[in-house]
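Got the viewer open? Load the model, keep the selection box handy, and follow along stop by stop.

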Amino acid sequence: MRARSLRGALAATLALWGPLALPLHAAAHAIVLESEPARDAKLAEPPPRIYLRFNSKIEKRLTRVSISATDGRAVPLPVVADGSQAPDRISLPLAPLRAGAYVIRYKVLAADGHITEGALRFSVLEPK
Ligand SMILES: [Cu+2]
């Protein structure tokens, strides 16, 4: 009887602390699953927006995204954090871009408290 309740208590403790102790948090790291433009895309038309979908919820108030022409300075793209968009994705409208190469840099805080940084490159081709 006593051994059984001890095992029960141990199981309950593991259930409580196991998820914190195991390296499962990596699954909650914010990784980009889908993007528009796609990575290294060569676009005939300027993209109307930047869209990023992550594998987990992100803390939008602490998420930063910028765009830069590869030879120019970075321009921040404001991230809407009013709850009007799904918690695992961001959509940022763009003013029309000229032909050229661009880099999107993002720094996001995932639900597990870890920050992920990344970059996405694409280019807009000269009109034919
Ligand atoms: Cu993590």
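Show the whole protein chain first: of its 128 residues, 13% are buried, where buried means 20 or more other C-beta atoms within 10 Å of the residue's own, exposed means 12 or fewer, partly exposed is in between, and the C-beta atoms are placed from the backbone. What you have on screen is a predicted model, so local features are taken at pLDDT of at least 70 and side-chain atom pairs at pLDDT 80 or more, while totals for chains, interfaces and linings use all residues. For your selections, residues are numbered from 1 along each chain as its sequence is written.

**Colour by confidence**

Switch to pLDDT colouring, the predictor's confidence in each residue from 0 to 100. The protein chain averages 85, and 78% of the residues score at least 70. Where is confidence lowest, and where is it highest? Helix α1 (residues 2–21) is at the bottom with a mean of 55, and strand β2 (residues 41–43) is at the top with 98. Now select residues 18–23: pLDDT stays under 50 there, and the model has one contact beyond four places in sequence for that stretch. A contact here is two residues whose C-beta atoms, placed from the backbone, lie within 7 Å.

**Cartoon view**

Colour by secondary structure and you get one helix and eight strands, in the sequence pattern α-β-β-β-β-β-β-β-β. These are DSSP runs numbered from the N terminus: helices are H or I with at least four residues, strands are E with at least two. Among the contacts with a separation of 6 or more in the protein chain, 65% are between residues 24 or more positions apart.

**The three-stranded sheet**

Select β1, β3 and β6. They form an open sheet in the order β1-β3-β6, with antiparallel pairing; strands count as paired if DSSP finds at least two bridges between them. The edges are β1 (32–36) and β6 (89–93), each pairing on one side only. Neighbouring strands here are turned by 10° against each other on average, direction ignored; the axes are lines fitted to C-alpha atoms (for helices, over the stretch in contact), with angles from 0 to 180 degrees between N-to-C directions. Zoom in on β1 and β3: they run antiparallel and are joined by four bridges. V32 stands opposite F54 in β3.

**The loop after β1**

Move on to the loop between β1 and β2, where you will find P37 and D40. The peptide bond from E36 to P37 is cis, with omega near -5°. D40 has a positive phi of about 60° although it is not a glycine. Why is D40 classed as exposed? Because 9 other C-beta atoms lie within 10 Å.

**The five-stranded sheet**

Next, select the other open sheet, five strands in the order β2-β8-β7-β4-β5 with mixed pairing. Its edge strands are β2 and β5 (75–77), each pairing on one side only. The average turn between neighbouring strands of this sheet is 30°, direction ignored.

Hide everything but β7 and β8, an antiparallel pair with 10 bridges. Y106 stands opposite G118 in β8, and V108 has T116 as its bridge partner there. Five residues lie between the strands of this hairpin, in which G113 takes a positive phi near 90°. Bring back β4 (residues 64–69): six bridges join β4 to β7, and the two run antiparallel. One pair to click on is R64 with K107 in β7.

**The core**

Time for side chains. In soluble globular proteins, nonpolar side chains tend to be buried together. The largest nonpolar core here has 14 residues, and A30, L52, F54, I58, I104 and V108 have the most contacts inside it. A core is a set of buried Ala, Val, Leu, Ile, Met, Phe, Trp, Tyr and Cys residues joined through C-beta atoms within 7 Å. β3 (49–54), β7 (100–109) and β8 (115–124) each supply at least two of its residues, and β7 gives the largest share, four residues. Centre on V108: leaving aside residues up to four places away in sequence, V108 touches A30, F54, I58, T63, I115 and T116.

**Last stop: A119**

Select A119 in strand β8. Is A119 buried or exposed? A119 counts as exposed because it has 11 C-beta neighbours inside 10 Å. Not counting residues up to four places away in sequence, A119 touches V103, I104 and R105. For a distance to draw, try A119 to I67: these residues are 52 apart along the chain, with 9.6 Å between their C-alpha atoms.
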